[in-house]
Every structure is written in C-alpha cells, then in structure tokens.
Amino acid sequence: QVQLVESGGGLVQPGGSPRLSCTASGSFFSINAMAWYRQAPGKQRELVATITSGGSTTYADSVKGRFTISKDNAKNTVYLQMNSLKPEDTAVYYCNADIISSDWRRKNYWGQGTQVTVSS
C-alpha cells in the first residue's frame, strides 16, 4: 500500500555533492521517521542518517559533517545531501520509512535502492 522510490544516484567524482531523494506514496496515515541506509558489496547494511517527524536527526560517524538529511512534509519526501564524497561512500543507498498505515498500524517500508558510485 505504501511505496518508497529513491532517486538521485549515479556515477559521481570524488568530492562531488549529489542529493538523493526518497518519496513515499500510496495510502497511509502519517510518517513517524525516515532514514537512509547504505550497503556496499560484501558489507553489512549500515544506517547512514535518520530524521524524525519532529525534525531530529542522527548521523553515522563516517558521514557526520559531510551529509545532511532533511525532509519536505508536503511532498512526503526525505533528502540526503552528500558533500565531499569519497570512494568509500560507494554503495547502494536505501530509503526506509516508519509509517502509520491507514488502519493505524505501525509498519516499516524499504525503497528499492539507488546506486551511488564514487570514482574518477
């Protein structure tokens, strides 16, 4: 009933500053929180950043000071602004949403992922 669609990934140069977007669509009551995860080949999926409905944010140490998570409530969209990209940032980036469904049940959803490749 709820779909998350990411966009903004692709091939970028070291030091680049792409912005990822994730939009929630479908039928739901509200969004409690949204987050970005990433997973590189052969590595575990890791939490990159989170943002709550009230606007509180958290970041992984590896991206703190370089990445910024934000949201647009009217568009049901969360963004990840990535600055000073490094090759080690290369991964599939996934959007996650903690949602209250239309029948007032708390559910968790994942996007399909978007590839970010940092290379010169």
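**Pocket, core and two odd phi angles**

In this predicted model, the largest pocket is lined by 13 residues, and those nearest its centre are I31, M34, K71, N73 and N76.

Q: Which strand gives the most residues to the lining of the largest pocket?
A: Start with the elements that supply two or more lining residues: strand 4, strand 5 and strand 7. Of the lining residues, five come from the top contributor, and that's strand 4.

Q: How do the residues lining the largest pocket divide into nonpolar, polar and charged?
A: The pocket itself holds about 160 Å³ of space. Its lining is a mix of chemistries, and the split goes five nonpolar, six polar and two charged.

Q: Is N76 buried, partly exposed or exposed?
A: N76 is one of the residues nearest the centre of the largest pocket, and it sits in the loop between strand 7 and strand 8. Buried needs under 20% relative accessible area and exposed needs over 50%. N76 comes in at 28%, so it counts as partly exposed.

Q: What is the phi of N76, roughly?
A: Most residues other than glycine have a negative phi. N76 isn't a glycine, yet its phi is positive, at about 50 degrees.

Q: Where does S84 lie?
A: S84 is another non-glycine residue with a positive phi, near 50 degrees. Its relative accessible area is 42%, so S84 is partly exposed. As for its place, look in the loop between strand 8 and strand 9.

Q: Which strand gives the most to the largest nonpolar core?
A: Nonpolar side chains tend to be buried together in soluble globular proteins. Here the largest nonpolar core has 29 residues, with M34, W36, L80 and Y93 touching the most other members. Strands supplying at least two core residues each include strand 1 (2-7), strand 4 (28-39) and strand 9 (91-101). The top giver, with five residues, is strand 9.

Q: Which residue of strand 11 does Y93 touch, besides V116?
A: Skip the neighbours within four places in sequence, and the contacts of Y93 include E6, L20, W36, L80, T114 and V116. The contact list of T114 has Y93 in it too, along with E6, G9, L20, A91 and V92. The one placed in strand 11 is T114.

Q: How far is the backbone nitrogen of G9 from a polar atom of the T114 side chain?
A: T114 has 10% relative accessibility, so it counts as buried. G9 is among the residues that T114 touches. From the G9 backbone nitrogen to that polar side-chain atom of T114, the distance is 3.3 Å.

Key: Residues are numbered from 1 along each chain as its sequence is written. This is a predicted model: local features need pLDDT of at least 70, side-chain atom pairs count only at pLDDT 80 or more; totals for chains, interfaces and linings use all residues. Side-chain values use heavy atoms; hydrogens and water are left out. A nonpolar core is a set of buried Ala, Val, Leu, Ile, Met, Phe, Trp, Tyr and Cys residues joined through side-chain atoms within 4.5 Å. Buried means under 20% relative accessible area, exposed over 50%, partly exposed in between (1.4 Å probe, protein chains only). Helices (H or I, at least four residues) and strands (E, at least two) are DSSP runs, numbered from the N terminus. Contact means heavy atoms within 4.5 Å. A polar contact is a pair of N or O atoms within 3.5 Å; within protein, one must be able to donate a hydrogen and the other to accept it, and residues adjacent in sequence count only if both atoms are side-chain atoms. On a 1 Å grid over the protein atoms alone, a cavity is a set of points where a 1.4 Å probe fits but cannot get out, and a pocket is an open set with protein on both sides within 12 Å along at least five of seven lines; lining residues have an atom within 4 Å of a point. Grid points are joined across faces, edges and corners, and a volume is the space filled by probe spheres set on the points. Ala, Val, Leu, Ile, Met, Phe, Trp, Tyr, Cys and Pro count as nonpolar, Asp, Glu, Lys and Arg as charged, and the others, Gly among them, as polar.
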